[in-house]
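The following exercises concern side-chain contacts. Each task is followed by a solution in steps.

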Amino acid sequence: MGVNIRSVFKVIFVNLAVFFILSTPVFLLLNLYYGNKDRSHLDTLYVRENNNLRFALRSNSATRYNGITYRTNSLGFRDQEFPFLKTKGTYRIICVGDSLTFGQGIELNNTYSKLLERKLKKGYNKRMQKIW
C-alpha cells in the first residue's frame with residue numbers, strides 16, 4: 001500500500017490555499033489599523049540617516065507623545081546638559097541599550113538609568129554622572 005504523491009500534494013496545496021484565503025483579510029485589517037498610525041512625532045526626535053547607526057537622536061530636540069515629553073540635549077542624549085570633558089574626580093557611567101534604556105513610554109526621571117544615577121550619587125559619590 002503506497003502513498004499517492006498526487007493526493008499528498010493536493011492536500012498540501014488545498015491547505016495552503018485555504019490559509020492564504022482566510023489570513024489575507026486579517027492581515028489587511030491589521031495593516032489598516034497599525035500601518036497608518038501617525039508617527040510624525042518621531043521625525044522631530046530621530047535622524048534617520050547616520051553614518052554609523054541605523055538612526056540617531058537629534059540634538060536639542062523635543063516632542064510629546066502619549067503624554068510623555070522627550071527632550072534631547074546638545075549632544076543628542078535624552079538627558080540634561082553636561083560638559084563634554086569631565087572634571088577631575090567625576091565618574092561617568094554610560095548606559096547603552098534599546099527602548100528600555102531610552103525610557104520609551106516613561107518620563108526621564110523614571111528611567112532605570114536615572115534611578116541608577118540617583119542611587120549612585122546618594123550612596124557613593126556626589127560627583128557621579130550618568131550619560132545615557
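The model is predicted. At 6% relative accessibility, Lys 114 is classed as buried.

**Exercise 1.** Determine which residue forms a salt bridge with Lys 114 at 2.9 Å, and whether that partner is buried or exposed.

*Solution.* Lys 114 pairs with Asp 79, the closest N and O atoms being 2.9 Å apart. The two residues are 35 apart: Lys 114 belongs to helix α4 (residues 112-123), while Asp 79 is in the loop between β4 and β5. Asp 79 has a relative accessibility of 6%, so it counts as buried, the cut-off being under 20%.

**Exercise 2.** Trace the salt bridges of Glu 117 within helix α4.

*Solution.* Glu 117 meets Lys 114 in a salt bridge (3.1 Å, N to O); these residues lie 3 apart in helix α4, about one turn. Glu 117 also meets Lys 121, at 3.6 Å, N to O, and this pair is 4 residues apart in helix α4. Glu 117 is buried at 5%, whereas Lys 121 is partly exposed at 29%. Through shared partners, Asp 79, Lys 114, Glu 117 and Lys 121 join into one network.

**Exercise 3.** Classify the aromatic pair of Tyr 70 and Phe 102.

*Solution.* The ring centres are 5.6 Å apart and the planes meet at 15°, so the pair is stacked, the cut-off for stacking being under 30 degrees. Tyr 70 lies in strand β4 and Phe 102 in helix α3, so the pair ties together parts 32 residues apart in sequence. Tyr 70 and Phe 102 are both buried. Arg 78 lies over the face of Phe 102, 5.1 Å from the ring centre.

Key:
Residues are numbered from 1 along each chain as its sequence is written. This is a predicted model: local features need pLDDT of at least 70, side-chain atom pairs count only at pLDDT 80 or more; totals for chains, interfaces and linings use all residues. Side-chain values use heavy atoms; hydrogens and water are left out. Rings of Phe, Tyr and Trp (its six-membered ring) pair if their centres lie within 6.5 Å; planes under 30 degrees apart count as stacked, over 60 as edge-to-face and the rest as tilted. Buried means under 20% relative accessible area, exposed over 50%, partly exposed in between (1.4 Å probe, protein chains only). A charge sits over a ring if NZ of Lys or CZ of Arg is within 6 Å of the ring centre and within 35 degrees of the ring normal. A salt bridge is a side-chain nitrogen of Lys or Arg within 4 Å of a carboxyl oxygen of Asp or Glu.
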